[in-house]
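Got a few minutes to walk through a structure? Have a look at the sequence and the model first.

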Amino acid sequence: MESLQQTDIDLLLWINHAWKSAWMDQVMLFCSDKYTWIPFYAVLLFFLYKSGPKKIWINLILLTCCIALADQIASSLFKPYFERLRPCNNDVLRPQLLLIEGVCGGMYGFVSSHAANTFAVFTFFTLKNVFSKKIWICLLFFWALIVSISRVYLGVHFPGDVFCGGLIGVAGTYFILWIQRMIEQKYFNKNNQQAV
C-alpha cells in the first residue's frame, strides 16, 4: 500500500511539474471549468436526440441518473468516508506542488467527482450507441481523460483519485443501464408478448 501511495505521489508531482508553464495553467483551468463545456454538452444532447427522438426524455432521465449516481458516490460517500486530503490541502505535499492561487476545492479529494461524472457520460454515450462514427467515441474519451488529468495538473487530485473516480462513473452507468434492461425485459417485453 505504501508503494502504491508513493507511486501516486510521484505521478502527481511529475504531471504537476513536467508540463508546467503559464499557458498550460490557462489550458488546464479551461479544461477543468465545468462551464467551459456547455457548448460540448449541447452537441452531445443533439446527438442523443438524433439517435432516438422518441426516447429522448427516457434517455435524458437515464443520463441524469448516471451522472447523479456517480457524483453522489464520489461526493457524499467516498470523500467523507476516506477523508483523503487533496494534494493542495496536504501540508507535506503542498510545498512541493506548483499551485495556482485560489485553486483547490474542498478538503477531501478521494474520489474525483469530475472524473466520475465525465466517465459516466462517456460510458452512457458509448453503451447507448449514440454515435455512428467511432471518432466521436474517441473524442468523448479524450474529453473525459483531459478533464481528469487537468485536476491532477492543478494539484487538486491525486492520479488515484481520478482513476478510481473514472471507475465509479463507468460502474455506476453500467448499473443504471442494467436496471433499465431488467425493467424493460420484465414489463415491456412481457406486455408485447401478451399483445401478440
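Here is a tour of the fold, the aromatic rings, the cysteines, one helix face and a polar contact.

**Overall picture**

Keep in mind that this is a predicted model. The protein has 7 helices and 0 strands, so there is no sheet to look for, given that the elements run α-α-α-α-α-α-α from the N terminus on. The C-alpha trace spans about 70 × 35 × 25 Å along its principal axes. Of the 196 residues, 40% count as buried. If you take the contacts with a separation of 6 or more, 78% of them are between residues 24 or more positions apart.

For a sense of distance, try Lys55 in the loop between H3 and H4. Its C-alpha atom is separated by 51 Å from that of Val92, with the two residues 37 apart along the chain. Lys55 is exposed, at a relative accessible area of 53%.

**The aromatic rings**

How many aromatic pairs does a search of the whole structure find? It turns up 20. One of them is Phe47 with Phe131, an edge-to-face pair with 5.2 Å from centre to centre and 70 degrees between the planes. This pair links distant parts of the chain: Phe47 belongs to helix H3 (residues 38–51), Phe131 to the loop between helix H5 (113–127) and helix H6 (134–153), and their positions lie 84 residues apart in the numbering. Phe47 has a relative accessible area of 17%, so it is buried. Phe131, with 10%, is buried as well.

Then there are Phe124 and Phe125. Their ring centres are 5.7 Å apart and their planes stand at 75 degrees, so this pair is edge-to-face too. Both Phe124 and Phe125 are buried. Put these four together with Phe46 and Trp136, and you have one aromatic cluster.

Elsewhere, a ring has a charge for company: the charged end of Arg84 sits over the ring of Phe158, 4.0 Å from its centre.

**The cysteines**

The whole structure holds 1 disulfide. Cys88 and Cys104 are the partners, with 2.0 Å from S to S. The link is right-handed, with 85 degrees about the S-S bond. Cys88 and Cys104 both lie in the loop between helix H4 (56–82) and H5, so the bond ties together parts that are 16 residues apart in sequence.

What about Cys31? Cys31 is in no disulfide, and the nearest cysteine sulfur, in Cys138, is 18 Å away. Seen from the other end, Cys138 has its closest cysteine sulfur in Cys31, and at 18 Å that is too far for a bond.

Here is how accessible three of these cysteines are:

| Residue | Relative accessible area | Status |
|---|---|---|
| Cys88 | 5% | buried |
| Cys104 | 19% | buried |
| Cys31 | 9% | buried |

**Two sides of helix H2**

Cys31 also leads us to helix H2 (residues 22–32), where the buried residues are Met24, Asp25, Met28, Cys31 and Ser32. Why do they count as being on the same side of H2? They cover an arc of only 130 degrees around the axis, which puts them on one side of the helix. The general rule behind such a pattern is simple: an α-helix has 3.6 residues a turn, so residues three or four places apart point the same way.

Which residues are exposed on the other side of H2? Those are Ala22, Trp23 and Gln26. As for the buried residues of H2, what covers them includes H5 and H6.

**A buried asparagine in H5**

H5 is worth one more stop, at Asn117, which is found in this helix. Is Asn117 buried or exposed? At 18% relative accessibility it counts as buried, because the cut-off is under 20%.

Which side chain does the side chain of Asn117 make a polar contact with? The partner is Asp71, at 3.2 Å. Setting aside neighbours within four places in sequence, Asn117 is in contact with Ile67, Ala70 and Asp71.

Key
Residues are numbered from 1 along each chain as its sequence is written. This is a predicted model: local features need pLDDT of at least 70, side-chain atom pairs count only at pLDDT 80 or more; totals for chains, interfaces and linings use all residues. Side-chain values use heavy atoms; hydrogens and water are left out. Rings of Phe, Tyr and Trp (its six-membered ring) pair if their centres lie within 6.5 Å; planes under 30 degrees apart count as stacked, over 60 as edge-to-face and the rest as tilted. Helices (H or I, at least four residues) and strands (E, at least two) are DSSP runs, numbered from the N terminus. Buried means under 20% relative accessible area, exposed over 50%, partly exposed in between (1.4 Å probe, protein chains only). A charge sits over a ring if NZ of Lys or CZ of Arg is within 6 Å of the ring centre and within 35 degrees of the ring normal. A disulfide is a pair of cysteine sulfur atoms within 2.5 Å. The arc is that of the directions from the helix axis to the C-beta atoms. Contact means heavy atoms within 4.5 Å. A polar contact is a pair of N or O atoms within 3.5 Å; within protein, one must be able to donate a hydrogen and the other to accept it, and residues adjacent in sequence count only if both atoms are side-chain atoms.
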